[in-house]
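Me: I have a model in front of me and a list of terms I only half understand. Can we go through what each term rests on?

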Amino acid sequence: MASVLKPEQIEDLFKVFGTFDGGNKGHLEARELGACFRCFGYVATEADMQEIINEVGGSVDFQQFVHIMTKKMKDCDAIAELKQAFKQLDMDGDQYISQSELRNALRNISGVEVRPEEVEELMREADVDGDGRISLLDFINVLTA
C-alpha cells in the first residue's frame, strides 16, 4: 500500500515516526501514535489510538504506521472529493442543498424530470436534522454510510 504514497510523503512519515518513537525502539505506543496523528492534522482520542494498537497486536512499527497513514490520507482525499461535489450541488452557496437544488441536480444528471415524491424521499433520507435541507455533514454521512 505504501506504493501509492510519493517518496517525499514516506520521508515525512519516517521523520515523524522517528521523532515520536521514544527511545528509538522501532515502534509506537498509543500515546506516541496519537502525537503522530496530530502532526498531520488528524484528531483522534486516546481510545481511538488504543483500538488501533490493539488491532495490530500491541504497538505499531513503521510498516504498519505507513499502512495506517496511507489509509487515513485516502480517507481524507475521499472527504475532499465529497466536499467538492457538495459545493457543486449547493448552487446558491449557502452551505446547504435545498430541495430545489437537489431536484435540479438530479434532472441535470439523469436528463429527465424527477418526480417530486422521489426528491422528497431523498431529502428525508439525507436530511438528518429535519430542517428541510442537506448540510455538508448530512451529505457526507449519507454517501459514506
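Me: How do you know whether the protein matches a compact globule in its radius of gyration?
Reply: This is a predicted model, in which local features need pLDDT of at least 70 and side-chain atom pairs count only at pLDDT 80 or more, while totals for chains, interfaces and linings use all residues. Residues are numbered from 1 along each chain as its sequence is written, and side-chain values use heavy atoms, with hydrogens and water left out. Now the radius. It is taken over C-alpha atoms, and the globule rule is 2.2 Å times the number of residues to the power 0.38. For 145 residues, a compact globule would come near 15 Å. The protein has 21 Å, so it does not match the rule. The C-alpha atoms fill a box of roughly 65 × 30 × 25 Å along the principal axes.

Me: What makes a stretch count as a helix or a strand?
Reply: Both are DSSP runs, numbered from the N terminus. A helix is H or I over at least four residues; a strand is E over at least two. On that basis the protein has seven helices and four strands. Their order along the sequence is α-β-α-α-β-α-β-α-α-β-α. Strand β4 covers residues 134-135, so it just meets the strand minimum of at least two.

Me: Why is F17 called buried and F62 partly exposed?
Reply: Buried means under 20% relative accessible area, exposed over 50%, and partly exposed in between (1.4 Å probe, protein chains only). F17 has 5%, so it is buried. F62 has 22%, so it is partly exposed. Across the 145 residues, 29% count as buried.

Me: What makes F17 and F62 an edge-to-face pair?
Reply: Rings of Phe, Tyr and Trp (its six-membered ring) pair if their centres lie within 6.5 Å. Planes under 30 degrees apart are stacked, over 60 edge-to-face, and the rest tilted. The whole structure holds five aromatic pairs. In one of them, F17 and F62 have centres 5.4 Å apart and planes at 75°. The distance passes and the angle passes, so the pair is edge-to-face. F17 lies in helix α1 (residues 7-20) and F62 in helix α4 (residues 62-89), so the pair ties together parts that are 45 residues apart in sequence. F14, F17, F62 and F65 form one aromatic cluster.

Me: How do you know that F86 and F139 form an edge-to-face pair?
Reply: Use the cut-offs again. The centres are 5.5 Å apart and the planes stand at 65°, so the name fits. F86 sits in helix α4 and F139 in helix α7 (residues 136-144), 53 residues apart. F86 is buried at 3%. F139 is buried at 11%.

Me: What is S135 in contact with, beyond its neighbours within four places in sequence?
Reply: Contact means heavy atoms within 4.5 Å. By that test S135 touches F86, Q95 and Y96. S135 is in strand β4. At 15% relative accessible area, S135 is buried. S135 and E29 are 106 residues apart in sequence and 37 Å apart in space, C-alpha to C-alpha.

Me: Why is helix α2 called mostly covered?
Reply: Helix α2 spans residues 30-39, and seven of its ten residues are buried. They are A30, E32, L33, G34, A35, C36 and F37. Their cover includes α1, β1 (27-28), α3 (46-56), β2 (60-61) and α4. Just after α2, G41 takes a positive phi of about 85°.

Me: What makes the phi of N24 and of Q95 worth a remark?
Reply: Most residues other than glycine have a negative phi. N24 has a phi near 50°, a positive value, and is not glycine. Q95 is not a glycine either, yet has a positive phi of about 75°. N24 is in the loop between α1 and β1. Q95 lies in the loop between α4 and β3 (96-97). N24 is exposed at 66%. Q95 is exposed at 52%.
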